[in-house]
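Q: I have a model open and want to go through its strands and rings. Can you take a look with me?
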Amino acid sequence: MKVADLGDIKAGFTADLLVLNENPLSYIENTMKIDRIVKDGKLYTIPELLENIPSEQEINDYTKELIKTFEELGLNAGN
């Protein structure tokens with residue numbers, strides 16, 4: 001990617017773009033009202049982004065496994 005390929009929203013250019021539902025200049029909290037995101041030229045809706053977030057249980061299981069690995073290596077895992 002070259003600098004010349006950035007900065008414009010048009011065919012052939014690479015764009016990361018946040019599409020909001022409300023004007024953030026009217027009310028700063030409108031920055032949280034996201035409609036969709038374009039990242040590396042691919043359009044993502046909010047549900048598509050959220051489906052990849054692990055559940056709280058998955059995070060807890062991963063954390064426990066990580067702590068177990070640290071303890072097996074004789075490292076202090078923050079306890």
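A: Sure. Keep in mind that this is a predicted model. One place to begin is β3, where T45 is the bridge partner of R36.

Q: Which residue stands opposite K42 in β3?
A: That is K39.

Q: How many bridges pair β2 with β3, and in which sense?
A: Four bridges, in the antiparallel sense. Strand β2 covers residues 34–39.

Q: What lies between β2 and β3?
A: The two strands form a hairpin with two residues between them. D40 is in that turn, and its phi is positive, at about 55 degrees.

Q: Ok, zooming out. What is the strand order in the sheet, and is the sheet open?
A: It is an open sheet of three strands, in the order β1-β2-β3, and the pairing is antiparallel.

Q: Why is one side of β1 and of β3 left without a neighbour in the sheet?
A: β1 (17–20) and β3 (42–45) stand at the edges and each has a single partner strand, so one side of each has no neighbour there.

Q: And what does the twist average?
A: The average is 20 degrees from one strand to the next.

Q: Switching to side chains. How many aromatic pairs are there?
A: The structure holds zero aromatic pairs.

Q: What sits over the ring of Y44, then?
A: The charged end of K42 does, 4.6 Å from the ring centre. K42 is also the residue opposite K39.

How values were computed: Residues are numbered from 1 along each chain as its sequence is written. This is a predicted model: local features need pLDDT of at least 70, side-chain atom pairs count only at pLDDT 80 or more; totals for chains, interfaces and linings use all residues. Side-chain values use heavy atoms; hydrogens and water are left out. Two strands pair if DSSP finds at least two bridges between them. Axes are lines fitted to C-alpha atoms, for helices over the stretch in contact, and angles run from 0 to 180 degrees between N-to-C directions. Rings of Phe, Tyr and Trp (its six-membered ring) pair if their centres lie within 6.5 Å; planes under 30 degrees apart count as stacked, over 60 as edge-to-face and the rest as tilted. A charge sits over a ring if NZ of Lys or CZ of Arg is within 6 Å of the ring centre and within 35 degrees of the ring normal.
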